[in-house]
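Trainee: I am new to this structure. Please take me through the listed binding site closely, and then through the helix packing elsewhere in the chain.

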Amino acid sequence: MRTKTTKQNKINVVTLGCSKNVYDSEVLMGQLKANGKEVVHEDENDEGNIVVINTCGFIGKAKEESVETILHYAQKKEEGEVDKVFVTGCLSERYKPDLEAEITNVDQYFGTHDLPNLLKVLEADYKHELIGERLTTTPDHYAYLKIAEGCDRPCSFCAIPLMRGKHVSTPIEDLVTEATKLAEKGIKEIMLIAQDLTYYGLDIYKKRALADLLKELVKVDGIEWIRLHYAFPTGFPMDVLEVMKNEPKVCNYLDIPLQHINTEILKSMKRGTTHEKTTSLIHKFREAVPNMAIRTTLIVGYPGETEEQFQELKDWVEEMRFERLGAFEYSHEENTGAYVLEDDVPADVKFRRVNEIMEVQSQISWELNQEKIGKTFKCLFDRKDGEYYYGRTEFDSPDVDNDVIVDAREYYIKLGEFIDIEIFDAGDFDLHGKPVVKQERPVPLNQKKK
């Protein structure tokens, strides 16, 4: 028999998907806390009696994970372990009628723009004055800063505009306020995120204003690293490179998903560029900022992708030698432009092509890493796992890029601090190093006072 849980008035927020969802959950939690609510994030030990699931609906695997999570908590509700389950986010925005019909044990579904309504059912008021107030769920020293919502790009494979709507930039002054509040909490690194950084400012300033935003953010005391994620190749504002080159706080790092290189595929994808233009753009990046780390992502198995077109992509990856790269299998998504095309590349071929691209990238990454041996890099340390500390250079973003590993049996490192690390060994993706011992720097454990 179903019994009422004894846990009262605690809201557990579960986040799935990308960094944009992480940010949205943090805003929700900040609003709840300001309303006097007790809120936790993915607390497995004490889940609370109310669960809010922030879902992802981007591609097939992400949708499956979201549905499985909803079913998991719906079952917990059935068994009396939780009292209420609410679902929000991209999957709920995109498939709300289907979800309501298929998973009826959820109390209510909300879309990506329904925060005030979600707060209302959680017996909280939406507080407009809380600009920049959020409960960060990342480590204490870094945070995401979402500078825009939605996307105006027509990419044929992408369902984001269906779930997030049109591009809406956040004013510079609001973002500076938010960054200042993050710095006051001890945040040292902010990662600028949006569906499309390149478009920032066109809607409210009538020009691409990412460089203007960066010039204001570097003035925020306490912020030492500013990292750029998710730019778009068409219309990239080249003045950003000048800021990156001249402002030490702006990391020499750019995440710019390019998706493919074959001109016919790019045309079908509606990317607004060609093989030649894309290659020229990357060369311009490296000319302007020679030591920039470029991260990109590629899609293989797009409808109609021939073996020759894939080989062109593979050869191009070898030629361009990206510092960071991820490859993904094409996912056939309803209501996208490419959905009318036949998803004609077999699953096993997609799998093979991903592996071939990543094998090439592994070799490139290994070779680039070997060049770092003997050099010293400023690193920010995120965590200790077992007998090792894990940190990052300015050329690495958390969770997706390389780690700098230091032996905790030999050295003590304070997490969340910048440390100069000399690299003495390197693998395909990770670097091994030791602290450069100076005043106020960590020293070997056998020299530390007990």
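Mentor: Start with one term: contact means heavy atoms within 4.5 Å. Keep in mind that this is a predicted model.

Now the site. UniProt, in an unreviewed entry, lists Cys18, Cys56 and Cys90 under "binding site". These cysteines are spread over 73 residues of sequence, yet they cluster in space. Their largest C-alpha distance is 10.6 Å.

Take Cys18. It sits in a loop, with β1 (10-15) on one side and α1 (19-34) on the other. Is Cys18 buried or exposed? Neither word fits: its relative accessibility is 31%, so Cys18 counts as partly exposed.

Go on to Cys56. This residue is also in a loop, the one between β3 (50-55) and α2 (60-78). Its relative accessible area is 12%, so Cys56 is buried. The cut-off for buried is under 20%.

What does Cys56 touch, once neighbours within four places in sequence are left aside? Cys90, another cysteine of the listed site, is one of its contacts. Leu91 is in contact with Cys56 as well. So are Leu16, Gly17 and Asn21. Ala62, Lys63 and Ser66 complete the list.

Next, the record's domain. The unreviewed UniProt entry gives residues 137-368 as "domain: Radical SAM core". Over that stretch the chain is 39% helix and 16% strand. The C-alpha atoms at its two ends are 32 Å apart.

Now the helix pairs. Two packed helices are described by the angle between their axes and the distance between the axes.

Look at α7 (residues 210-217) and α8 (residues 239-246). Their axes are 8 Å apart, at an angle of about 20°. Angles under 35 degrees count as roughly parallel, so that is how α7 lies to α8. Their crossing is left-handed. From α7 come Leu210, Ala211, Leu214 and Lys215; from α8 come Asp239, Val240 and Val243. By class, this contact has five nonpolar, no polar and two charged residues.

Then take α10 (residues 275-288) with α11 (residues 307-320). Their axes come within 12 Å and cross at roughly 15°. That makes α10 roughly parallel to α11. The crossing is right-handed. On the α10 side, the contact is made by His275, Thr278, Thr279, Ile282, His283 and Arg286. On the α11 side, it is made by Glu312, Trp316, Glu319 and Met320. Three of these residues are nonpolar, four polar and three charged.

Helix α11 also packs with α12, at an angle of about 15° and with the axes 9 Å apart. These two are therefore roughly parallel to each other. This crossing is right-handed. Here α11 brings Glu307, Phe310, Leu313, Lys314, Val317 and Glu318. Helix α12 brings Arg352, Arg353, Glu356, Ile357, Val360, Gln361 and Ile364. The classes are six nonpolar, one polar and six charged.

End with one residue of α12 (residues 347-370): Ser365. Ser365 is buried, because its relative accessible area is 1%. Residues up to four places away in sequence are not counted among its contacts. Ser365 then touches Asn402, Asp428 and Phe429.

Notes. Residues are numbered from 1 along each chain as its sequence is written. This is a predicted model: local features need pLDDT of at least 70, side-chain atom pairs count only at pLDDT 80 or more; totals for chains, interfaces and linings use all residues. Side-chain values use heavy atoms; hydrogens and water are left out. UniProt positions are given in the numbering used here, feature names are shortened, and annotations may be inferred rather than shown by experiment. Helices (H or I, at least four residues) and strands (E, at least two) are DSSP runs, numbered from the N terminus. Buried means under 20% relative accessible area, exposed over 50%, partly exposed in between (1.4 Å probe, protein chains only). Axes are lines fitted to C-alpha atoms, for helices over the stretch in contact, and angles run from 0 to 180 degrees between N-to-C directions. Angles under 35 degrees count as roughly parallel, over 145 as roughly antiparallel, 65 to 115 as roughly perpendicular and the rest as oblique. A crossing is left-handed if the near helix is turned anticlockwise from the far one by less than a right angle, and right-handed if clockwise. Ala, Val, Leu, Ile, Met, Phe, Trp, Tyr, Cys and Pro count as nonpolar, Asp, Glu, Lys and Arg as charged, and the others, Gly among them, as polar.
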